[in-house]
Amino acid sequence: MEFPPDLIVFLRKVERVSALTGAGVSQESGLRTFRDTQSGLWAQYRPEDLATPDAFARDPKLVWDWYAFRREAVKAVRPNLGHYSLTEMEKKFPEFTLITQNVDGLHQLAGTKNVLELHGNILRVRCAVCGRFTETWGSDLDSVPRCDECDGLLRPDVVWFGETLPRLELESAVTASRRAQVFFSIGTSGVVHPAAALALAARENGSVVIEINAEPTPLTPKADFVFHGKSGEILPALVKAVFDISIQV
Ligand code: NAD
Ligand code: ZN
């Protein structure tokens, strides 16, 4: 993998870096991206029809089961070289903020510390009524487990379509994007709000925007540098070129 020498020199002295990641970063760990078709039992549903407050109100059991299925998929996989490269970048750049739309927790599992989860985390569960978090819940397969405190239905702590993003995380993400001298957009289609807005906020504030994606996206024409390919290959190559560090799992 070849990178422009000027970019490598620039990255060696840059201080404030932010990276936004999406489902593409976890694809090489074996998790499906959002726009991949669902398999098997779930093929008949569109994620948009399972990840909404309406869907949960209509058929909480269906939504709970879908997330239970996805939670098991997440628990079965490991971070990949892309995740570990970002952890190394966090250690090397003086200021580094990782903003993710992923709900799989793989960045944290790979050791990244400063992670802003814009869409929550599928491994966390909270009460849909009182908001109380819970680590354990009943395993009765016929019904959705309920809150010990108020008997409300439990739900995954993820942001559904039509719900607002966690305020503090979003504010911090906007600030980090504006402050960044370099903004990476990695493995995200950039169509789900606010991914595109963050990259543009960075750009408006003079940040160099670098996109890493398997395919062109709406951001591509506006990025300063675009690297097409797998993040699990491009990121380790970049870390090697900039810091002379070999990423291993
Ligand atoms: P998306 O599915 O819309 O886009 C994924 C992007 O990644 C695409 O542009 C694709 O070209 C690219 N891509 C695929 N494989 C890649 C690879 N190996 N390397 C680099 N790029 C690759 O996902 P999104 O933009 O994250 O937005 C969709 C929503 O789906 C988010 O809200 C997110 O919360 C949710 N989601 C999360 C997970 C997860 O946590 N792992 C999985 C699926 C969906
Ligand atoms: Zn409750």
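I take a helix here to be a DSSP run of H or I of at least four residues, numbered from the N terminus. With that settled, I looked up Ser-231 in this predicted model and found its place in helix H10, which covers residues 231-243.

**Entry 1: Ser-231**

I next asked whether Ser-231 is buried or exposed. Its relative accessible area comes to 5%, and since buried means under 20%, I noted Ser-231 as buried. I then listed what Ser-231 is in contact with, leaving aside its neighbours within four places in sequence, and wrote down Gly-24, Val-25 and Glu-28, then Gly-82, and finally Ile-186, Ile-212 and Pro-236.

**Entry 2: the chain as a whole**

I counted 10 helices and nine strands in the chain. For 249 residues, a compact globule would have a radius of gyration near 18 Å, and I recorded that the chain, with 19 Å, agrees with this. The C-alpha trace spans about 60 × 35 × 30 Å along the principal axes. Of the 249 residues, 48% count as buried, while the area that the chain exposes is about 12,400 Å², with carbon and sulfur atoms supplying 51% of it. I also looked at contacts between residues at least 6 apart in sequence, and of these 66% join residues at least 24 apart.

**Entry 3: domains**

The domain assignment gives two entries, which I copied with their bounds: domain 1 is made of 5-30, 79-119 and 165-243, and domain 2 is made of 36-75 and 128-158. Taken over C-alpha atoms, the centres of domain 1 and domain 2 are separated by 29 Å.

**Entry 4: the sheet E5-E4-E6**

I then turned to an open sheet of three strands, whose order is E5-E4-E6 and whose pairing is antiparallel. Why is one side of E5 and of E6 left without a neighbour in the sheet? Strand E5 (133-134) and strand E6 (154-158) stand at the edges and have a single partner strand each, so one side of each remains without a neighbour there.

For the pairing of E4 with E5, I noted that strand E4 takes in residues 120-127 and that the two strands pair in the antiparallel sense over two bridges. Following Val-125 across to E5, I found Thr-134 as its bridge partner.

Last, I checked which helix lies across E4 and E6. This is helix H5, residues 60-75, and I recorded that H5 runs at about 135° to E4.

Definitions and conventions
Residues are numbered from 1 along each chain as its sequence is written. Chains are lettered from A and ligands numbered from 1 in the order in which they are written. This is a predicted model: local features need pLDDT of at least 70, side-chain atom pairs count only at pLDDT 80 or more; totals for chains, interfaces and linings use all residues. Side-chain values use heavy atoms; hydrogens and water are left out. Two strands pair if DSSP finds at least two bridges between them. Contact means heavy atoms within 4.5 Å. Axes are lines fitted to C-alpha atoms, for helices over the stretch in contact, and angles run from 0 to 180 degrees between N-to-C directions. The radius of gyration is taken over C-alpha atoms; the globule rule is 2.2 Å times the number of residues to the power 0.38. Buried means under 20% relative accessible area, exposed over 50%, partly exposed in between (1.4 Å probe, protein chains only). Accessible areas come from the Shrake-Rupley method with a 1.4 Å probe; for residues, only the protein chains shown count as cover. Domain bounds come from an automatic or database domain assignment.
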